[in-house]
Amino acid sequence: MFDEIVLGRRERLGSYIFTPEAIIAFARNYDPQPFHLSEEGGAATHFGGLVASGWHTGSVWMRMRVDQWQRMAAERAAKGLPPRASGPSGGFKNLKWPRPVRAGDTITYYTENVAKRPLATRPGWGLVSSLNTGENQHGELVFAFDGSVFVPL
């Protein structure tokens, strides 16, 4: 399975529209800062209006990534192949939200495997590194992080 991983191909995970209702609902539960809770609260800040929590944008990326894994598993099953095995995350770094996500924005998420290597410290396992991003409808980067995952060799 490790050998099947292609480096350098940017894969589109999907798109999500951040509605005011979804932004506020997420914020009420997980990030209740004024600029996430109402248009008025956001207007009183440097954002000038309602914006999505960065954690909301990250959570949607994770949903899209899991959906992609499930689609890939179904496609492999249809061909009579076993699903790709994957281990736990090796962590992430360089998380950033360079632009705010505003109510009505459509964010398209991507992942690209950028490196892979067998692990000398964990025989039978490799580490795959990825660049993960989200872009708004204007092609502007709004979300990015470098991730890694353990994969059996």
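This is a short chat about helix H4 and the sheet in a predicted model.

User: Hi! Let's start with helix H4: what should its 25 residues span, and how far apart are its end C-alpha atoms?
Analyst: Happy to help! H4 covers residues 54–78, and at 1.5 Å a residue it should span 36 Å. The end C-alpha atoms are 37 Å apart, which agrees.

User: Nice. Which residue caps the N-terminal end of H4?
Analyst: That's Ser53, with a side-chain oxygen 3.0 Å from the backbone nitrogen of Trp55. As for what comes after the helix, H4 is followed by Gly80, which has a positive phi near 80°.

User: And which residues in H4 are buried?
Analyst: Among them are Gly54, Val60, Trp61, Met64 and Arg65. Arg76 is buried too.

User: What covers them?
Analyst: The cover includes helix H1 (20–30) as well as strands E1 (10–17), E3 (106–118), E4 (125–135) and E5 (141–152).

User: Switching to the sheet: what order do the strands take?
Analyst: The order is E1-E3-E4-E5-E2, in an open sheet of 5 strands with antiparallel pairing. E1 and E2 (89–96) each have a single partner strand, so one side of each lacks a neighbour in the sheet. From one strand to the next, the twist averages 20°.

User: How many bridges do E3 and E4 pair over?
Analyst: They pair over 10 bridges, in the antiparallel sense. One pair to look at is Tyr109 and its bridge partner in E4, Gly134.

User: Back to the helix, then: which strands does H4 touch?
Analyst: H4 packs on the sheet and touches E1, E2, E3, E4 and E5. The direction of H4 makes about 125° with that of E1.

Definitions and conventions. Residues numbered from 1 in each chain as written. Predicted model: local features only at pLDDT ≥ 70, side-chain atom pairs only at ≥ 80, totals over all residues. Heavy atoms only, no water. Helix = DSSP H or I, 4+ residues; strand = E, 2+ residues; numbered from the N terminus. Expected span 1.5 Å × (residues − 1). Buried < 20%, exposed > 50% of the residue type's maximum accessible area, 1.4 Å probe, protein only. Contact = heavy atoms within 4.5 Å. Polar contact = N/O pair within 3.5 Å; in protein donor to acceptor, adjacent residues only side chain to side chain. Pairing = 2+ DSSP bridges. Axes fitted to C-alpha atoms, helices over the stretch in contact; angles between N-to-C directions.
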